[in-house]
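Visitor: Before we discuss any label, I would like to see the structure itself, and then to ask what stands behind each term.

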Amino acid sequence: MHVDHLPRRDFLTYGSAAIAGLTLLRSSMAQAFPTRPGEEVVPWADQPPPVPTAASGVVQNLPKWEDLNSWLTPNARFFSVAHYDRPVIDEKSWTLEIAGSVGRPLQLTLDSIKARPRREVVCTLECSGNHGFPWLTSAVGNARWAGTPLAPILEEAQIRSNGREVVFFGTDAGEEQVRDTKVRQNFARSLSLADAMRGDIILAYEMNGAPLPQPNGFPLRLIVPGWYGIASVKWLDRIEVLDSPFMGRFQARDYVTLREEQRDGKTVGIETSVGPALLKSAPAQVTRLGNQYRIIGAAWGAPIAKVEVRIDDGPWTAASIDRSEEADHAWRIWSLDWERPSPGAHRITSRAVDFEGHVQPATSDPLIANKRTYWESNGQVTRQVQVN
Ligand SMILES: Nc1nc2c(c(=O)[nH]1)N[C@H]1C(S)=C(S)[C@@H](COP(=O)(O)O)O[C@H]1N2
Ligand SMILES: [Mo]
């Protein structure tokens, strides 16, 4: 509801109590992001290096954390990751096929998908490579996705009793070396049947109220709320049910985490496929209104109970979390007023805590330090700022 759209008559009818209530509502909406009129953003002193040429096709449109000013990331500022090309798809000739171990294969047009029950979900999508490289530090965004639930479609397709995994294919494809053979393969990722039947997974055709932008998967993508971005297959055109584990590149060779762990005095290497998102936060920006400084950030990857901020080697101080706009798998915006910072260089670190008491690990924590691959880098993020 937007206050300005209320006819004047309603104010007269409901009287001053209603007006007071609406004023409250308006100010709580304004707090959806802790901006103060007239403030300026102090740019971070440690700017990420540019995306290297070799990766500049894959990773595009990385936003600047300094530009974050809303709970929802506008489409124009949403990062895009594509491992092959970014196909341009004609929605008229496009269809979605559901095949494999099913009793009733389906072929759906975009119109027939849009005619099905609509469901919206606000969720944060982070590339699991984020913070795995110095140049990759803002591959995360929060959007309102709209589409239709996946589970009823799988039910209609009548999955056979041997069905165990559901593989999602994009139209994008490239040459892959598998042992001594080169094969052209489509981008693909799988979910176990149990995961795929989760009620909140949607086939999305809208992003923040607009048709899915082409770099983000037009005309249709999977959205798996609460999982790293890799699971949310873009340019989706085929769903296949398999009776054995899917071992494609982005499931079993790339996007795998290898970590050395201690077991009874022995070191074992545990290698797992990237899946559910991990607890994380990052300082987004420092703002200044005269000499009043404020640190603003985001926290995501788990239900966020608390965010704490540390300035230089000082104590961990609780930030206030904006709860005016919430969704299960959406980030929380937090802020902390920074009283009278001394002139000079400062380091700002944040750590998120979930409702089970898990704390976002320090970079020295064995969970991070003993990781041998760059995915799932959810260690605490430190930024540097210069106060004049
Ligand atoms: N078809 C297809 N889907 C894909 C990818 C891809 O390369 N091809 N990249 C994945 C990865 S690694 C991420 S992080 C997210 C990024 O989604 P976005 O580009 O909308 O931000 O899409 C995922 N879905
Ligand atoms: Mo990714």
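Guide: What follows is a set of questions and answers on the ligand, the spaces and the backbone of this predicted model.

Visitor: What makes Phe79 a polar contact of ligand 1?

Guide: A backbone N or O atom of Phe79 lies 2.7 Å from an oxygen atom of ligand 1. A polar contact is a pair of N or O atoms within 3.5 Å, so this pair qualifies.

Visitor: Which atoms of His83 and Asn216 are placed in a similar way towards an oxygen atom of ligand 1?

Guide: For His83 it is a polar backbone atom, which is 2.8 Å from an oxygen atom of the ligand. For Asn216 it is an N or O atom in the side chain, again with 2.8 Å to an oxygen atom of ligand 1. Both values fall within the 3.5 Å limit, and therefore both pairs are polar contacts. As for cover, the protein takes up 100% of the 530 Å² of accessible area that ligand 1 has on its own.

Visitor: How many residues surround ligand 1, and which are the closest?

Guide: There are 21 residues around the ligand, and the closest are Phe79, His83, Asp172, Arg221 and Lys234. A residue is counted here because one of its heavy atoms lies within 4 Å of the ligand. By class, this shell holds 12 nonpolar, six polar and three charged residues, and the strands β3 (80-81) and β8 (165-178) each supply at least two of its members.

Visitor: Why is the space that holds ligand 1 called a cavity?

Guide: Ligand 1 sits in the largest cavity. The word is used because a 1.4 Å probe fits at the points of such a space but cannot get out, with the protein atoms alone taken into account. About 260 Å³ of space lies in this cavity, and of the 20 residues that line the largest cavity, Val81, Arg221, Gly229, Ile230 and Lys234 are closest to its centre. The lining divides into 11 nonpolar, five polar and four charged residues.

Visitor: How many cavities of 30 Å³ or more does the structure hold?

Guide: The structure holds two. The second largest cavity has about 120 Å³ of space, and so it passes the 30 Å³ mark. Its lining has 14 residues, among which Pro63, Lys64, Leu68, Thr73 and Trp331 are the closest to the centre, and the classes are seven nonpolar, four polar and three charged.

Visitor: What makes the largest pocket a pocket, and which residues lie nearest its centre?

Guide: A pocket is an open set of points with protein on both sides within 12 Å along at least five of seven lines, and therefore the term differs from a cavity, which the probe cannot leave. The largest pocket contains about 300 Å³ of space and is lined by 20 residues, with His131, Phe133, Thr137, Val381 and Thr382 nearest its centre. Two or more lining residues come from each of β16 (280-289) and β23 (381-387), and β23 gives the most, with three. Nine nonpolar, nine polar and two charged residues make up this lining.

Visitor: What is noted about the backbone at Pro219 and at Trp235?

Guide: A cis peptide bond joins Phe218 and Pro219, with omega at about 5 degrees, and Pro219 is found in the loop between β11 (210-211) and β12 (221-223). Trp235 has a positive phi of about 45 degrees although it is not a glycine, and this tryptophan is found in the loop between β12 and β13 (236-242).

Notes:
Residues numbered from 1 in each chain as written. Chains lettered and ligands numbered in written order. Predicted model: local features only at pLDDT ≥ 70, side-chain atom pairs only at ≥ 80, totals over all residues. Heavy atoms only, no water. Polar contact = N/O pair within 3.5 Å; in protein donor to acceptor, adjacent residues only side chain to side chain. Areas by Shrake-Rupley, 256 points an atom, 1.4 Å probe, with all protein chains shown as cover. 1 Å grid on protein atoms, 1.4 Å probe; cavity = no way out; pocket = protein on both sides within 12 Å on 5 of 7 lines; lining within 4 Å. Sits in = over half its atoms within 2 Å of the grid points. Helix = DSSP H or I, 4+ residues; strand = E, 2+ residues; numbered from the N terminus. Nonpolar A, V, L, I, M, F, W, Y, C, P; charged D, E, K, R; others polar.
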